Amino acid sequence: MKIHFIAIGGALMHNLALALQQKGYTITGSDDEIYDPSYTRLKNAGLLPAKMGWNIENIKRDLDAVIVGMHARPNNPELLKAQELGLTIYSYPEYIYLQSQHKKRIVVGGSHGKTTTTSMIMHILKHYNIDFDYAVGAQLNGFELMVRLSDAPIIVIEGDEYLSSPIDILPKFLHYHPHIAVLTGVAWDHINVFPTFKKYKKQFKKFIKSIMPNGTLIYYKKDKHLKKMANLAPAQIIAYDTPANDIQEHQTYLRLDYNYSLKAQTDVGIPLQIFGKHNLQNFQAARLVCRELGLSDGQILEAIQAFEGAAKRLETLAKNDQQVIYKDFAHAPSKVKATINAVKGQYADRKLIAVLELHTFSSLNIDFLEEYLGSMGAADTAYVYYNRHTIQMKKLKDIAPKDVEEAFYHPNLTVFTDNEALEATLQKDIQKQKANVLLMSSGNWGGMDIMGLIKEKEA
C-alpha cells in the first residue's frame with residue numbers, strides 16, 4: 001500500500017503515519033511546518049519531507065490513498081491534485097474506521113476526561129497482555145506510539161467531537177460507530193465550529209445514535225445533558241458515578257466494601273497514583289468498559305494502582321515536602337475547574353496558585369469568556385495569561401484585561417498579557433515554596449521557559 005499524508009506533522013497524523021509504516025506500508029508526507037516531537041520522530045523513521053511546503057509532484061496516480069489532516073486548507077494544492085486525479089482521500093478518523101471495521105470498537109467521548117479514560121482502559125488491557133489496537137490523543141508511558149493498527153480483535157479509540165478534515169466536516173467520533181461507547185460529560189467547546197451550545201450538544205446526540213445495535217453506552221449519571229440524551233442509544237445503558245474514596249496525607253484511596261484479593265468483606269483502601277473527583281469518575285468509566293470486555297473487578301483494581309496518568313494531564317514537574325508543581329492540558333472551563341478542584345482537594349492544607357493560558361479559539365473569543373465564571377474559584381491565587389498577538393492571528397476581537405477579570409470573577413486574580421511579567425511573578429512564587437503551582441495550557445506560554453524556572457529553584 002502506498003499512502004501519502006497531507007499535513008503529516010500533526011500529533012495524530014504523524015503517529016498514524018508511523019503506525020502504518022510499521023505495518024509495512026510505503027508512506028510519504030508533506031507539511032508547511034513541523035515541530036518536535038513530530039519532527040524528530042518522522043526524521044528518525046525516514047518520513048520527514050525533504051522540503052517543507054506543498055508540492056503537487058507528491059501526488060501520483062499510483063497512490064492507494066491520500067490522508068489529509070486538519071492543518072491543510074480546502075485549497076491545498078496537493079489536495080486539489082488528488083481530487084483532480086480521482087484518488088481515494090480519507091480523513092484521519094475515516095481511515096481509523098476503515099482499519100477497524102471488523103474489530104470490537106470502544107470509543108471514549110466527552111468534553112473532558114476522554115484522553116485519561118482511554119489511557120486507563122489501555123493501561124489495564126496491556127497489564128493483562130490483551131491484544132488490542134488503539135488511537136489516543138496523548139503519548140502514554142509504555143506505548144511507543146499514539147496509534148496502533150494490527151490484526152487485534154479490539155480497538156480503543158479516543159473520540160474527539162472536532163471536525164475531521166478541511167473537506168470532511170463530520171465530527172471525528174461520528175465515523176467510529178462504537179460497540180461500547182463512553183461519554184464523560186458535555187460542556188460547550190469549539191465555538192469556532194459550534195457557535196451555539198445547542199449545535200454542540202447535537203453532535204453528542206448523533207454520537208449516541210451511532211452506537212451499534214445491541215451495543216453499550218456508559219455515561220456519567222450526574223451530567224444533566226447526558227441524562228436527557230442517554231435514552232437515544234440503540235443499546236444497553238450503564239450510568240456511573242464517583243466511586244467511594246478518601247484522601248489521607250495527600251494520598252487518594254478507593255474505598256471498597258469487598259477485598260477482591262482476600263475474597264472477604266473488609267474496609268480496604270486501594271491506593272491510586274491519580275487523584276481528583278474527575279479522575280475517579282474517569283476510572284469508573286474505564287472499569288465498566290473493562291468489565292464489558294470480560295475482566296473482573298479484582299483484575300481491574302490490581303492494574304489501576306500502577307497507572308500514572310496521560311502526558312500533560314496533572315503531570316508532576318517538581319515536588320518536595322513543601323510544594324508540588326503540576327502541568328496540565330486543561331483549557332476549557334469544565335477542565336480548568338475539575339483540575340483546580342482536584343489539586344486543592346488532594347492538598348487541602350496548602351495554598352494553590354493556579355495559572356491558566358487562554359490559547360484556543362474558544363477561550364480567546366470574548367463571547368465565550370463568560371463560560372469561565374467560577375472555574376478558578378478553588379484556587380487561592382489565580383493568574384490568567386493571554387497573548388494579544390495570538391488573538392490577532394486568529395482574527396478575533398481584542399480582549400482587554402478587565403474583560404477577563406469580569407468573566408472569571410475571582411477575588412485574587414491577576415491578568416497578564418506579557419509573558420515576561422508572568423515569568424517574573426512565577427519565579428518569586430516558586431522560590432517561596434509555600435504553595436502548590438498548577439500550570440494549565442494547551443499552548444506554550446508565549447515561549448516562557450517553565451522548566452528553566454524549576455531548575456533555577458532546584459539549583
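Leaving out neighbours within four places in sequence, Ile27 is in contact with Ile3, Phe5, Ala17, Leu20, Gln21 and Leu47, where contact means heavy atoms within 4.5 Å. Ile27 belongs to strand β2, which covers residues 26-30; helices (H or I, at least four residues) and strands (E, at least two) are DSSP runs numbered from the N terminus. With a relative accessible area of 9%, Ile27 is buried, on a scale where buried means under 20% relative accessible area, exposed over 50%, and partly exposed in between (1.4 Å probe, protein chains only). Phe197 lies 170 residues from Ile27 in sequence, and the two C-alpha atoms are 40 Å apart in space.

The model is predicted, so to speak of its local features a pLDDT of at least 70 is needed, side-chain atom pairs count only at pLDDT 80 or more, and totals for chains, interfaces and linings use all residues. Residues are numbered from 1 along each chain as its sequence is written, and side-chain values use heavy atoms, with hydrogens and water left out.A little further along the chain, a cis peptide bond joins Asp36 and Pro37, with omega about 5 degrees. Pro37 is placed in the loop between β2 and α2, the latter covering residues 38-44. For the part of the chain at residues 2-96, UniProt lists "domain: Mur ligase N-terminal catalytic" in an unreviewed entry; UniProt positions are given in the numbering used here, feature names are shortened, and annotations may be inferred rather than shown by experiment. Over residues 2-96, helix accounts for 35% of the chain and strand for 18%. The end C-alpha atoms of residues 2-96 are 16 Å apart.

Turning to the protein overall, the secondary structure comes to 14 helices and 22 strands. The radius of gyration is 22 Å, close to the 23 Å that the globule rule gives for 459 residues, so the protein is as compact as a globular protein of that length. Here the radius of gyration is taken over C-alpha atoms, and the globule rule is 2.2 Å times the number of residues to the power 0.38. The C-alpha trace spans about 65 × 60 × 45 Å along its principal axes. Of the 459 residues, 54% count as buried. Among contacts between residues at least 6 apart in sequence, 66% join residues at least 24 apart.

The accessible surface of the protein is about 20,600 Å², and 48% of this belongs to carbon and sulfur atoms. Accessible areas come from the Shrake-Rupley method with a 1.4 Å probe, and for residues only the protein chains shown count as cover. As for charge, the protein has 52 positive and 49 negative charges, whose mean positions are 5 Å apart. In this count Lys and Arg are positive and Asp and Glu negative, while His and the chain ends are not counted; the place of a charge is taken as NZ of Lys, CZ of Arg, CG of Asp or CD of Glu.

Two residues other than glycine call for a look at their backbone angles. Asn129 has a positive phi, near 55 degrees, and lies in the loop between α5 (114-127) and β6 (133-135). The relative accessible area of Asn129 is 71%, so this residue is exposed. Lys395 has a positive phi as well, near 60 degrees, and is found in the loop between α11 (388-393) and α12 (401-408). Lys395 counts as exposed, at 77% relative accessibility.

Leu232 sits in the loop between α7 (224-229) and β13 (235-240). With a relative accessible area of 36%, Leu232 is partly exposed. Not counting residues up to four places away in sequence, Leu232 touches Lys205, Ile208 and Lys209. Phe207 is 25 residues from Leu232 along the chain, and their C-alpha atoms are separated by 9.7 Å.

A second annotation in an unreviewed entry, "domain: Mur ligase C-terminal", is listed by UniProt for residues 313-443. Over residues 313-443 the chain is 32% helix and 26% strand, and 14 Å separates the end C-alpha atoms. Helix α10, covering residues 333-346, includes Ala338, which counts as partly exposed at 23% relative accessibility. Between the C-alpha atoms of Ala338 and Met376, 38 residues apart along the chain, the separation is 9.3 Å.

Ser362 is found in the loop between β19 (351-358) and β20 (381-386). At 3% relative accessibility, Ser362 counts as buried. With residues up to four places away in sequence set aside, Ser362 touches Asp189, His190, Ile191 and Phe368.
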